[in-house]
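The following exchange examines how structural terms are assigned. Each answer sets a computed value against the criterion that applies.

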Amino acid sequence: MKALLYKQLRLTCHPMTLVFVLSGVFLLIPNYPYTVAFFYVTLGIFFMFMNGREQRDADYCAVLPIRKRDGVKVACLFAVLVELASLVLTVPFALLSARINPRGTNLAGIDANVALFGIGLILFAVFNSVFLPSFYRTGYKVGVAFLKASIAVALIVTCDVALPHLPGLAWLDGVDRTSCLRQLPVLAICAALYGILTFFAYRQAVKRYEKVDL
């Protein structure tokens, strides 16, 4: 798997994928829907799969002494690593954003706090659940898969903008210590859902790709 991950990095990983991992910088923009930063990460994953198609990664994997499911596994694993790396690299920007604006007055969605990372995990989980099985239905229709996933992601972004304005959910928008501690269970639940949904997305992708005649 280590060798396959290295192949994924050198052969299929598009340069913009690595650039979009740093999308957390958008958290420094005032009154901006911060979940859009996570959308850019999914755009980077789209570029990675598109580049893999253009580099004929499926054909290359077919001549390697590996199973078809291994090719799916390494691609999904690399996508997960990209998503998690983006979250880790977003933390410093979130801390800086809270320091710049300690009152948390983002009018375009949840502020840069613990709950935002939970929403980000849900966004990634929904993206994976739609994009991966859709792409591996054929192994090459990456644009169609991304379009479907983008519609689902747009719903998550819309929910992010609306949540702080719903009665009783204003605490999701806080950046103070008390609010962030209260948001920790939200982050934990979202992390669990991310793991579960992504795992089932991988299983569904494998099931579909094994039926594809290369």
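The questions below concern a predicted model.

Q: Why are α1 and α3 called roughly perpendicular to each other?
A: Helix α1 (residues 2–12) and α3 pack at an angle of about 85°. Angles of 65 to 115 degrees count as roughly perpendicular, and α1 and α3 are therefore given that description.

Q: Which residues of α1 and α3 meet?
A: Gln8, Leu11 and Thr12 in α1 meet Met48, Asn51 and Gly52 in α3. The axes of the two helices are 9 Å apart.

Q: What makes the pairing of Lys7 and Asp57 a salt bridge?
A: The criterion is a side-chain nitrogen of Lys or Arg within 4 Å of a carboxyl oxygen of Asp or Glu. For Lys7 and Asp57 the N to O distance is 2.9 Å, so the criterion is met. Lys7 lies in helix α1 and Asp57 in helix α4, so the pair ties together parts that are 50 residues apart in sequence.

Q: Are Lys7 and Asp57 buried or exposed?
A: Buried means under 20% relative accessible area. Lys7 has 9% and is therefore buried; Asp57 has 13% and is therefore buried as well.

Q: Why is Arg56 called exposed, whereas Asp59 is called partly exposed?
A: The cut-off for exposed is over 50% relative accessible area. Arg56, with 56%, is therefore exposed. Asp59, with 34%, lies in between the limits for buried and exposed, and so is partly exposed. Asp59 and Arg56 form a salt bridge, their closest N and O atoms being 2.9 Å apart.

Q: What makes the phi of Arg56 notable?
A: Phi of Arg56 is near 60°, a positive value in a residue other than glycine. Most residues other than glycine have a negative phi. Arg56 is placed in the loop between α3 and α4 (57–62). Asn31, in the loop between α2 and α3, also has a positive phi, near 50°.

Q: How do you know that Thr198 counts as buried?
A: Its relative accessibility is 10%, which is under the 20% cut-off, so Thr198 counts as buried. Thr198 is in helix α8 (residues 177–209). Leaving aside neighbours within four places in sequence, Thr198 is in contact with Val80, Ala125 and Asn128.

Q: Why can Val25 belong to a surface patch?
A: Patch residues need over 30% relative accessible area. Val25 has 40% relative accessibility and counts as partly exposed, so this requirement is satisfied. Together with Leu28, Leu96 and Ile100, Val25 forms a nonpolar patch with about 330 Å² of accessible area.

Note on methods
Residues are numbered from 1 along each chain as its sequence is written. This is a predicted model: local features need pLDDT of at least 70, side-chain atom pairs count only at pLDDT 80 or more; totals for chains, interfaces and linings use all residues. Side-chain values use heavy atoms; hydrogens and water are left out. Patches are made of residues with over 30% relative accessible area and no salt bridge: like charges are joined within 9 Å, nonpolar side chains (Val, Leu, Ile, Met, Phe, Trp, Tyr) within 5 Å. Accessible areas come from the Shrake-Rupley method with a 1.4 Å probe; for residues, only the protein chains shown count as cover. Buried means under 20% relative accessible area, exposed over 50%, partly exposed in between (1.4 Å probe, protein chains only). Axes are lines fitted to C-alpha atoms, for helices over the stretch in contact, and angles run from 0 to 180 degrees between N-to-C directions. Helices (H or I, at least four residues) and strands (E, at least two) are DSSP runs, numbered from the N terminus. Angles under 35 degrees count as roughly parallel, over 145 as roughly antiparallel, 65 to 115 as roughly perpendicular and the rest as oblique. Contact means heavy atoms within 4.5 Å.
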